[in-house]
Amino acid sequence: MSADQQWMVSTLNENIIVTEMATGQQIHDLEGDTEIVTTLAIQPNGQHIISASRSLTLRVWDRDTGKCVRSMNKAHEAPIIVMAIDPTSTLVATGGADGTVKIWDIEKGFCTHHLRGHAGVISAVKFHQYKNKWYLASGADDCVVRVWDLQSRKTVSVLKSHTSVIRGLDFSADGKVLISGSRDRVVNVWDWQQQKLKATIPVFETLEVVGFVNQKADFSAYDKQSTSDVFFTGGDKGTLRLWDLGTGKLIKEQAQELNSKHSISDVIYSPHSQQLVVITNDQNILFYSVADELKRVKQVVGYNDEVVSVVYLGQDETHLAAATNSEQLRVYDIETQNCDLVYGHKDMILCLDRNKQGDVLVTGSKDKTARVWKVDFSKADAEQRYMCVGQCVGHTESVSAVGFARKSNQFMITGGSDRTIKYWNLRDLNFDRATNDIPHAKALYTHQAHDKDINTINVAPNDRVFATGSQDKLAKVWSVDTGELLGTCKGHKRGVWCVRFSNAEQVLATSSGDKTIKIWSLKDFSCLKTFEGHSNSVLSVDFMTAGLQLVSAGSDGLLKVWTIKTNECVGTLDNHTEKVWSMAVRKDEKFIASGGADSVINFWEDVTLQEQEDELREKEAFILKEQELQTYMKKKDYLNAILLAMSLNQPFRLLGLFREVMETRPDDDVTSISGSPAVDTILAEMPSEHLEKLLTYIRDWNTNAKHANVAQTILHAILSSHPPDQLVELASAKEIVDSLLPYTDRHYQRLDNLITQSYIIDYTLNSQL
């Protein structure tokens with residue numbers, strides 16, 4: 001991350017992505033060398049990015065242009081593991097798996113130091129300036145910390161105490177103290193000049209990073225005040241902690257995210273904003289404010305796993321909630337792409353639903369529970385934006401389907417892998433205020449609903465009935481009040497993945513693993529229509545356009561739009577590379593969001609109206625040009641008429657134009673080829689792109705004996721006025737010539753036959769005289 005936190009650098013497969021922090025926009029995509037990037041660093045002045053990959057190549061990238069300006073091949077004998085740049089942005093230190101440390105001049109691209117001494121993989125490096133001299137500290141999996149004098153290129157300190165790999169090194173503000181963090185669960189405090197261990201601080205977690213916080217940081221909000229330097233640690237416990245160097249006591253530990261399972265793989269300290277930026281092993285980036293008692297103020301989601309469910313949120317549907325094979329709920333601001341991580345579930349979230357207003361969200365999880373969330377995007381604090389106001393505990397297996405009431409916030413229906421459905425009374429929940437102890441909703445009835453896992457639940461717009469779909473190939477309709485089975489929809493040959501009620505008609509749409517979508521009558525539960533077109537399981541379906549259309553998503557990676565009346569697929573949307581698990585239609589139906597197994601969320605815009613307007617404009621323009629063409633032909637303005645006919649792509653009109661010119665040749669015109677000197681001039685001065693189009697028309701005319709005379713005449717005019725070199729340079733010249741030759745030979749043979757037959761007529765007539 002840059003020193004001013006304006007942009008950050010991350011890896012994506014073998015490439016390096018430079019992202020603007022304020023907008024989330026990608027600035028550069030730096031193409032890799034087909035090998036995984038092992039480490040990277042940014043110059044403090046922000047001019048260059050240095051990267052290393054498994055190909056053993058060290059690369060220097062210009063941050064402004066995104067181009068590689070320098071490359072050092074085989075920088076080490078083994079992959080580079082760690083990297084650090086000195087505060088002056090002059091030197092970069094690299095530590096490799098070959099046990100050596102090298103220092104490079106960034107500007108000139110040569111190695112200035114080659115430091116040998118460690119007996120294992122280098123795992124940490126840190127520059128240090130003390131009394132106008134430069135030093136470098138290094139740690140390795142030989143459990144030894146070494147401090148090198150860069151002027152003499154010799155080791156000045158060898159610090160041995162750790163019993164596991166060194167993961168972090170940093171120097172105090174006065175430069176006299178060095179701290180080292182290791183996976184042996186302790187932080188050692190060293191007087192590195194005297195090679196003396198001053199203190200060992202047990203942290204009781206496997207450390208991955210350790211570092212000092214700026215002495216000027218604001219700690220006024222903390223209960224415990226430090227009189228000496230403060231350092232931070234992060235590791236497998238997954239929480240950020242601040243420690244007093246003098247006493248070795250814990251000052252503050254960040255409030256652990258509810259039911260989170262992540263560990264910390266790295267921490268970047270930003271003195272500019274007084275924030276600690278935590279990188280977690282589940283590929284998220286969390287920002288914690290030092291001044292605000294380690295409160296999480298921002299997060300960047302680094303990676304989505306399979307997106308299994310999406311719903312719009314907010315009264316204006318400005319946000320999108322996504323379940324992504326994770327216990328964390330992800331809520332995206334659609335305009336800015338900012339993402340909030342909502343913690344609460346202990347296991348993977350499988351399904352989502354919302355109320356009609358979009359301010360209440362329900363989630364079903366593999367932890368056998370469902371949670372009810374109150375959402376208020378007007379709140380600045382992320383913790384207040386998403387309040388868990390209730391949870392539903394009672395299923396014996398995963399909750400794989402949830403359905404929320406449409407007209408009120410009084411009930412919800414859940415179904416799961418235990419094949420049961422439960423009606424939950426939400427009337428007693430307080431949606432305006434969260435409590436420390438999350439209240440449990442009461443289940444008023446439970447029914448064994450299907451013989452196999454329940455995949456989907458949907459509540460009707462009137463809140464009187466709800467439908468369920470299961471792997472047992474059935475869709476069932478139930479009474480909300482009593483839980484009584486009202487009807488069963490039989491007809492699918494595979495499991496039912498999705499059920500949806502229409503807002504306009506008393507019908508139910510179902511999608512199935514048999515690659516079909518069916519619409520059922522709610523009066524007699526008969527199948528009214530079947531839609532076929534997907535090449536694999538149809539995983540999601542919904543009504544659009546006041547119940548006149550359907551939109552579906554399937555395992556073939558496609559979204560399809562169907563007109564119900566005609567059973568016709570009127571549109572296919574293709575931008576996913578794997579199965580599309582879920583989609584959500586916005587209330588105004590201008591946008592559709594879809595998420596799939598390719599970890600991508602796509603937003604599709606309805607451009608039907610725009611396409612209709614564009615088509616209307618094109619028709620108007622075409623009519624105007626038609627009128628102009630007729631006017632030019634009446635005026636015998638052949639120049640403009642020919643050019644306009646070609647721009648309209650009307651070869652038949654152009655053919656008639658040329659024929660008219662040939663048939664109206666003046667009696668005194670004996671020099672023009674086409675019948676008009678003006679037309680000959682037009683053909684002679686015609687640019688290459690128009691010439692190629694005209695030759696294509698001539699090729700087509702030449703295939704018909706009726707038009708061959710006109711085609712050969714115009715071809716003669718072109719060949720007479722354009723040099724062969726110009727014609728050969730045309731892109732499709734060979735293809736046109738190859739098509740002209742056989743038909744031209746046939747026309748000349750026909751003419752020869754006619755001439756021969758004319759001799760017979762002459763002979764016959766002369767014989768009769």
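In this predicted model, Arg 183 is partly exposed, because its relative accessibility is 36%, whereas Glu 208, at 15% relative accessibility, counts as buried. The side chains of these two residues, Glu 208 and Arg 183, meet in a salt bridge with an N to O distance of 2.9 Å. Since Glu 208 belongs to strand S20 (residues 207-213) and Arg 183 to the loop between strand S17 (177-182) and strand S18 (186-191), the pair ties together parts that are 25 residues apart in sequence. Arg 183 and Glu 208 are also linked with Arg 167 in a network of salt bridges, and the structure holds 19 salt bridges.

Two further salt bridges involve helix H9 (residues 733-768). Arg 699 pairs with Glu 735, their closest N and O atoms being 3.4 Å apart, and this contact links distant parts of the chain, with Arg 699 in helix H6 (residues 688-701) and Glu 735 in helix H9, 36 residues apart. Of these partners, Arg 699 counts as buried at 18% relative accessibility, while Glu 735 is partly exposed at 48%. Lys 734 and Asp 738, whose side chains meet at 3.1 Å, N to O, both lie within helix H9, four residues apart, or about one turn of the helix.

Surface patches were also identified. Leu 754, likewise in helix H9, joins Tyr 748 and Leu 751 in a nonpolar surface patch of about 300 Å². A patch of positive charge on the surface gathers Arg 419, Lys 452, Lys 473, Lys 493, Arg 494 and Lys 515, of which Lys 515 is found in the loop between strand S45 (507-512) and strand S46 (516-521).

Note on methods
Residues are numbered from 1 along each chain as its sequence is written. This is a predicted model: local features need pLDDT of at least 70, side-chain atom pairs count only at pLDDT 80 or more; totals for chains, interfaces and linings use all residues. Side-chain values use heavy atoms; hydrogens and water are left out. Patches are made of residues with over 30% relative accessible area and no salt bridge: like charges are joined within 9 Å, nonpolar side chains (Val, Leu, Ile, Met, Phe, Trp, Tyr) within 5 Å. Accessible areas come from the Shrake-Rupley method with a 1.4 Å probe; for residues, only the protein chains shown count as cover. A salt bridge is a side-chain nitrogen of Lys or Arg within 4 Å of a carboxyl oxygen of Asp or Glu. Lys and Arg count as positive and Asp and Glu as negative; His and the chain ends are not counted. The place of a charge is taken as NZ of Lys, CZ of Arg, CG of Asp or CD of Glu. Helices (H or I, at least four residues) and strands (E, at least two) are DSSP runs, numbered from the N terminus. Buried means under 20% relative accessible area, exposed over 50%, partly exposed in between (1.4 Å probe, protein chains only).
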